[in-house]
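Please find below my comments on the structure, set out as numbered points. They deal with the ligand sites and then with the backbone.

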Amino acid sequence: MPAVVVLGVQWGDEGKGKATDQLGSRIDYVVKFNGGNNAGHTVVVGGEKYALHLLPSGILSPGVVPVIGNGVVIDIEVLFEEIDALESRGVDTSRLRVSSAAHVIAPYNRTVDKVTERFLGKRRIGTTGRGIGPTYSDKINRVGVRIQDLFDEKILREKVEGALDQKNHLLVKVYNRRAITVDETVEDLLRHAERLRPYVGDTPLELNRALDDGKTLVFEAGQATMLDIDHGTYPFVTSSSATAGGACTGSGVGPTRIDRVVGVAKAYTTRVGEGPFPTELLDDDGEWLRQTGGEFGTTTGRPRRTGWYDSVVSRYASRVNGLTDIVLTKLDVLTGRESIPVCVAYEVDGKRFDEMPDDQSDFHHATPVYEHLDGWTEDITAARDFDDLPKNAQRYLLRLEEISGTRISAIGVGPGREATIVRHDLLG
Ligand code: GDP
Ligand code: IMO
Ligand code: MG
């Protein structure tokens, strides 16, 4: 029985939620291992649309145990809003497990996120404003608040005092904001503590025991390779490990126990927020992709930036994650184009780069070298087998497979759970 990591190849929103959900009935545990409510996964089941942020996508499949791992940062208010919204639609969330070692997004972290962005001006990251970066900063800085601290008010108070000592200097002296009090923070954090308690446990132990018992586990990443704190387009990244290694540190499961690493990639590319994006289209084609693909953020509603498929990015993601499979989503969106450009390399000041440039300035100045593939006009949303696809769609996929460094094992042809072509079983 395998342990499979599902992660994003590009800049997020590739359809990881759908890919995880689609495996639903065959898995026992779905583990979120990084990020927080900066993530937004839209999953469509039986025509019903669900927007998930903190909860792993497996929550929609009866019998699956959803786990929020130690690598996640949790906004408790948002967690219960999400639980209540799902319960009111008849989704059972009682199996949820939450790591006692996960960090808590305190209200002051949201404030710091917003004021820092404003202060950065044109150097801003374009964050989701959910307090993600400051909470991970506190974690690394060793002044963070963890879930287990909520069950000991004395310890919680000490930790909040320690964090606010630094923060209030910054907020008052640099950002000209009012000081935040320990009392209001502790009161806020404790509001849902008792309700949270039954979900909390030693999830690394529980997950390793599940593997010992032959259970099937999916580790679902938030964000994506190019937003990873180490391997992404730093500093225009999120603050956690969204690549394969993060699945281990963020869950407490060792690398020798992982069997497969599945990268989810869109048949084109999108990005939300600031930062370099070599294949970005600022013309009518870009607007066409945005409208046809419905490219508006699940979390912030922001229009996503759009561009053609970039195989330099896919090869890079294949390498840094050790991908075994790619799930290529949204192929249906490209229907109706006479010709589809695909980026095979970059050019920087007359020099060709076949691999991701190591130097940030080269990447910022990279222009795509395109190969033009023939398009198709037939509706492909009902295709369930590779052979059901028009010849040019097949050729598009085979060429992408050739230049992406990893086999394409499944193809998305629509948002619904069933709208998928499987070429190689991801759990086999
Ligand atoms: P995630 O953050 O990676 O889970 O992706 P999002 O949910 O933010 O964005 C992906 C969007 O594409 C969602 O609205 C999905 O319902 C939709 N989607 C996923 N796969 C497909 C597909 O194959 N075709 C189409 N048309 N939509 C898809
Ligand atoms: P999913 O899981 C797309 C982007 C933000 C911003 C940068 C840093 O749905 O793929 P943060 O709030 O994390 O400090 O913002 O990262 N970002 C995402 N973009 N999809 C996401 O998640 C994202 N999570 C963060 O837009 O540019
Ligand atoms: Mg998303």
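1. In this predicted model, a side-chain N or O atom of K16 lies 2.7 Å from an oxygen atom of ligand 2. A second oxygen contact of ligand 2 involves the side chain of R302, where a polar atom is found at 3.0 Å. The backbone takes part as well: an N or O atom of V272 is 3.1 Å from an oxygen atom of ligand 2. On its own, ligand 2 would expose 550 Å², and the protein buries 97% of that area.

2. The shell around ligand 2 comprises 20 residues. K16, N38, T128, Q223 and T238 are the closest of these. By class, the shell divides into eleven polar, six nonpolar and three charged residues.

3. K16 deserves separate mention, since the residue is listed for both ligands. K16 is among the closest residues to ligand 2, and K16 is also among the closest to ligand 1. The shell of ligand 1 holds 18 residues, the closest being K16, G40, H41, T42 and D332.

4. Which atoms of ligand 1 are approached by T42, T298 and D332? A polar backbone atom of T42 is 2.6 Å from an oxygen atom of ligand 1. The side chain of T298 places a polar atom 3.3 Å from an oxygen atom of the ligand. D332, by contrast, addresses a nitrogen atom of ligand 1, with a polar side-chain atom at 2.7 Å. Ligand 1 has 580 Å² of accessible area on its own, of which the protein covers 92%.

5. Where does ligand 1 sit with respect to the pockets of the protein? The ligand occupies the second largest pocket. Its shell is made up of nine polar, seven charged and two nonpolar residues.

6. Two secondary-structure elements, α1 (16-23) and β3 (41-45), each supply at least two residues to the shell of ligand 1. The greatest contribution is that of α1, which provides three residues.

7. Why can ligand 1 be described as lying between domain 1 and domain 3? Domain 1 (3-97 + 200-262) gives residues to the shell around ligand 1, and domain 3 (265-422) does so too, so the ligand lies between them.

8. Two points of backbone geometry should be noted. The peptide bond joining Y234 and P235 is cis, with omega about 5°. P235 is placed in the loop between β10 (217-220) and α9 (244-249).

9. The other point concerns R142, a residue other than glycine whose phi is positive, near 65°. R142 belongs to the loop that runs between α4 (132-141) and α5 (153-174).

Note on methods. Residues are numbered from 1 along each chain as its sequence is written. Chains are lettered from A and ligands numbered from 1 in the order in which they are written. This is a predicted model: local features need pLDDT of at least 70, side-chain atom pairs count only at pLDDT 80 or more; totals for chains, interfaces and linings use all residues. Side-chain values use heavy atoms; hydrogens and water are left out. A residue is near a molecule or strand if one of its heavy atoms lies within 4 Å of it. A polar contact is a pair of N or O atoms within 3.5 Å; within protein, one must be able to donate a hydrogen and the other to accept it, and residues adjacent in sequence count only if both atoms are side-chain atoms. Accessible areas come from the Shrake-Rupley method with a 1.4 Å probe; for residues, only the protein chains shown count as cover. On a 1 Å grid over the protein atoms alone, a cavity is a set of points where a 1.4 Å probe fits but cannot get out, and a pocket is an open set with protein on both sides within 12 Å along at least five of seven lines; lining residues have an atom within 4 Å of a point. A molecule sits in a cavity or pocket if more than half of its atoms lie within 2 Å of its grid points. Helices (H or I, at least four residues) and strands (E, at least two) are DSSP runs, numbered from the N terminus. Ala, Val, Leu, Ile, Met, Phe, Trp, Tyr, Cys and Pro count as nonpolar, Asp, Glu, Lys and Arg as charged, and the others, Gly among them, as polar. Domain bounds come from an automatic or database domain assignment.
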